[in-house]
Amino acid sequence: MSAQKKRNFQIEAFKHRVVVDPKYAEKTWKILEHAIHEIYNHNASGLSFEELYRNAYNMVLHKFGEKLYSGLVTTMTFHLKEISKAIEAAQGELFLVELNRKWADHNKALQMIRDILMYMDRTFIPSTHKTPVHELGLNLWRDVVIHSSKTQTRLRDTLLELVHMERSGEVINRGLMRNIIKMLMDLGSSVYQEDFEKHFLDVSADFYRLESQQFIESCDCGDYLKKAERRLNEEIERVSHYLDARSEPKITSVVEKEMIESHMQRLVHMENSGLVFMFVDDKYEDLGRMYNLFRRVSSGLSIVRDVMTSYIRDTGKQLVTDPDRIKDPVDYVQRLLDLKDKYDKVISMAFNNDKTFQNALNSSFEYFINLNARSPEFISLFVDDKLRRGLRGVSEEDIEIVLDKVMMLFRYLQEKDVFEKYYKQHLAKRLLSGKTVSDDAERSLIVKLKTECGYQFTSKLEGMFTDMKTSQDTMQGFYARFGAELGEGPTLVVQVLTTGSWPTQASTTCNLPSEILGICEKFKSYYLGTHTGRRLSWQTNMGSADLKATFGKGQKHELNVSTYQMCVLMLFNNADSLNYRDIEQATEIPAVDLKRCLQSLACVKGRNVLRKEPMSKDIAEDDAFFFNDKFTSKLYKVKIGTVVAQRESEPENQETRQRVEEDRKPQIEAAIVRIMKARRVLDHNNIVTEVTKQLQSRFLPNPVVIKKRIESLIEREFLERDKEDRKLYRYLA
């Protein structure tokens with residue numbers, strides 16, 4: 001079946017001749033032209049807009065759109081020229097008032113004209129690609145009024161003069177300014193930019209360049225920053241009141257460049273008022289202002305940060321290297337904490353907790369705290385002082401704050417193992433003497449150290465607490481068994497210390513008094529009877545004793561002394577006087593310890609239970625000692641020579657250092673073996689890098705020491721050198 005042939009239908013207009021009056025267009029245009037004149041002359045109330053719209057509609061319909069459009073341009077141009085003359089004739093302040101009034105009139109007229117010519121706007125103008133009526137009115141206003149030879153420059157200068165007056169403190173008509181600026185913006189962003197903004201920015205740059213130079217010569221840094229901040233805020237406010245919002249970043253950039261960027265170095269280093277002065281005098285407000293202003297310009301904060309870093313490093317270096325400051329370890333650490341608190345407060349209050357500044361502060365502290373090799377020892381002594389007596393009566397929250405501050409300093413240490421060495425010694429003395437403020441505080445610090453450095457770092461410290469608890473249980477068992485048998489004799493309290501957990505002490509000989517020796521032997525046999533495979537050695541240098549003593553006139557006191565001091569004092573039960581050599585022979589206490597012991601018994605005022613002849617501060621081998629029966633004290637219990645940690649002498653410090661170095665050797669070797677096991681083959685430089693990376697949480701290994709440990713491992717056949725490349729090492733499985 002064939003498809004039907006499609007037919008195309010077309011409806012044509014009714015063909016008859018329409019007769020149009022030859023003068024129709026002219027007559028109609030005259031009516032519309034008259035209406036436009038009346039609108040501009042403020043006589044629009046008598047016009048029939050419906051009739052006018054119909055006339056304009058018919059002109060377009062009858063193909064007279066071009067005549068209508070060109071007539072509109074001619075008529076509007078005529079009126080705008082008249083308006084321009086009126087504006088030009090306005091004098092002084094009336095110039096902008098007249099311009100604003102005429103602009104408002106023109107907009108109203110334009111609205112009415114657009115309503116009348118709406119049909120032309122919708123049909124004729126799009127088809128002929130002409131400018132719409134409203135836009136045409138704006139363009140003609142721009143070209144005829146604003147860009148007239150007498151108005152363009154005058155308008156720009158008047159606006160800039162008003163801005164200058166406002167900057168100088170005078171009050172201007174902001175509403176009028178806002179209207180005129182909005183007019184320029186309505187005429188197109190290019191008009192606003194070319195006729196006003198470009199010149200506004202240039203004039204502003206000149207203004208602030210000159211003003212900043214005057215300020216910098218006459219103000220200190222703080223005052224200058226206040227003025228700069230005020231000017232910046234004024235410009236931001238000015239934009240919000242009568243300028244285009246897009247002008248804000250441009251004008252603020254001008255102020256920042258001329259008032260801040262051009263003078264940064266001079267401001268920061270200004271004598272008696274610059275950045276360092278602000279740090280010294282805690283000028284938090286000025287520091288905050290400098291931070292907020294300098295952050296607005298590139299490299300501004302880096303300049304502040306560099307000066308801060310340099311100053312903190314210099315200050316810290318003076319603190320840690322000053323011979324007078326390092327005499328008192330507790331004061332030394334307190335000054336470090338005070339310095340850290342000071343700059344933490346600066347960063348918090350003035351620098352918006354800026355991480356880059358916090359990092360700079362941390363790196364500065366890490367730099368100078370490690371310049372003093374005794375910092376680990378001093379921090380441990382500070383902890384010892386606080387946990388022994390400094391935190392007595394302090395709330396748990398405040399104790400935690402102090403411990404957190406100590407941990408902060410601990411993190412800066414490169415030789416954390418040295419701190420561990422001293423901390424273990426000081427903790428041992430606190431535990432054995434029972435002089436710790438709080439077991440909870442002690443355990444809290446160990447938990448913090450464990451969190452920071454891992455289980456291995458604190459396992460021995462935790463073992464010390466375990467020993468103290470076990471010792472209490474042991475003593476309860478001992479007295480439960482022998483309490484009745486011991487009767488009224490001396491009371492013995494023994495702490496049994498696991499050799500590996502406690503600081504190694506050279507076992508020193510000391511002859512205990514016979515009264516004590518008996519109960520000691522009884523405890524020893526009891527302990528070894530209940531624990532197989534163990535050996536006990538008495539650490540008399542770490543003990544203490546309470547003695548009841550009777551002096552002249554029957555005055556009685558209880559003396560708290562060390563075990564060594566007890567051995568010396570008990571000799572005077574059988575003799576009124578003894579010389580140094582007699583005491584040394586009877587007790588066999590090492591000479592250094594014996595002299596310290598006798599000094600504390602005979603040379604300390606208020607504690608001198610012995611008398612020395614001849615009287616002097618030092619102990620000589622030919623000195624004679626007498627029981628001081630004239631000793632008096634207001635206290636019943638008198639502490640003599642209590643065990644307090646003191647900073648080591650130089651030889652002791654060297655000895656501790658040597659022990660630390662020895663302890664590091666197996667750690668370095670273990671790290672090397674771990675690395676080589678994983679890598680199998682590695683060159684020397686990479687081994688050094690990897691070992692340093694692994695051990696830096698405890699200490700920074702010396703590359704020379706690493707090399708020696710590699711040689712030792714080669715000798716013991718853990719590693720071998722590559723035969724072709726001698727810098728390569730191979731792991732031997």
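**A walk through the predicted model**

Ser471 sits in helix H22, which spans residues 455-486; helices (H or I, at least four residues) and strands (E, at least two) are DSSP runs, numbered from the N terminus. This is a predicted model, in which local features need pLDDT of at least 70 and side-chain atom pairs count only at pLDDT 80 or more, while totals for chains, interfaces and linings use all residues. Residues are numbered from 1 along each chain as its sequence is written, and side-chain values use heavy atoms, with hydrogens and water left out.

With a relative accessible area of 3%, Ser471 is buried. Here buried means under 20% relative accessible area, exposed over 50%, and partly exposed in between, with a 1.4 Å probe and protein chains only. Not counting residues up to four places away in sequence, Ser471 touches Val494, Gln495 and Val496, where contact means heavy atoms within 4.5 Å. The loop between H22 and helix H23 (514-530) holds Glu488. Glu488 is exposed, at a relative accessible area of 84%. From the C-alpha atom of Glu488 to that of Arg709, 221 residues apart along the chain, the separation is 59 Å.

The nonpolar interior comes next. In soluble globular proteins, nonpolar side chains tend to be buried together. A nonpolar core is taken as a set of buried Ala, Val, Leu, Ile, Met, Phe, Trp, Tyr and Cys residues joined through side-chain atoms within 4.5 Å. The largest such core has 85 residues, and the members that touch the most others are Met290, Phe294, Phe351, Leu409, Tyr423 and Leu449. Tyr423, leaving aside its neighbours within four places in sequence, is in contact with Ser380, Val383, Arg430, Glu442, Leu445, Ile446, Leu449 and Leu461. A second core, separate from the largest, contains 63 residues, among them Val144, Phe200, Leu201 and Ile251.

Helix packing can be followed at H2 (residues 49-61) and H4 (residues 94-116), which pack at an angle of about 60 degrees with their axes 8 Å apart. The axes are lines fitted to C-alpha atoms, for helices over the stretch in contact, and angles run from 0 to 180 degrees between N-to-C directions. H2 and H4 are therefore oblique to each other; angles under 35 degrees count as roughly parallel, over 145 as roughly antiparallel, 65 to 115 as roughly perpendicular and the rest as oblique. On the H2 side the contact is made by Phe49, Leu52, Tyr53 and Ala56, and on the H4 side by Met112, Asp115 and Ile116. These residues divide into six nonpolar, no polar and one charged. In that count, Ala, Val, Leu, Ile, Met, Phe, Trp, Tyr, Cys and Pro are nonpolar, Asp, Glu, Lys and Arg are charged, and the others, Gly among them, are polar.

Some backbone features deserve a look. Most residues other than glycine have a negative phi, and most peptide bonds are trans. His129 has a positive phi, near 60 degrees, and is not a glycine. His129 lies in the loop between helix H5 (118-128) and helix H6 (133-146), and is exposed at 74% relative accessibility. Ser299, also not a glycine, has a positive phi of about 65 degrees. The loop that holds Ser299 runs between helix H14 (284-294) and helix H15 (300-321), and Ser299 is partly exposed at 44% relative accessibility. A cis peptide bond, with omega about -5 degrees, joins Glu613 and Pro614. Pro614 is in the loop between strand S4 (610-613) and strand S5 (624-627).

The structure has zero disulfides, a disulfide being a pair of cysteine sulfur atoms within 2.5 Å. For Cys603, the closest cysteine sulfur is that of Cys597, 11 Å away and too far for a bond. Cys603 is partly exposed, with a relative accessible area of 25%.

Further along the chain, Gln667 belongs to helix H27 (residues 650-679) and is partly exposed at 21% relative accessibility. Leaving aside neighbours within four places in sequence, Gln667 is in contact with Leu695, Arg698 and Phe699. The C-alpha atoms of Gln667 and Glu93 are separated by 87 Å, with their positions 574 residues apart along the chain. Tyr729, in strand S9 (residues 728-731), is buried at 4% relative accessibility. Tyr729 and Val681 are 5.7 Å apart in space, C-alpha to C-alpha, and 48 residues apart in sequence. Val681 is also one of the residues that Tyr729 touches, not counting residues up to four places away in sequence; others include Met676, Ile687, Ile710 and Ile714.
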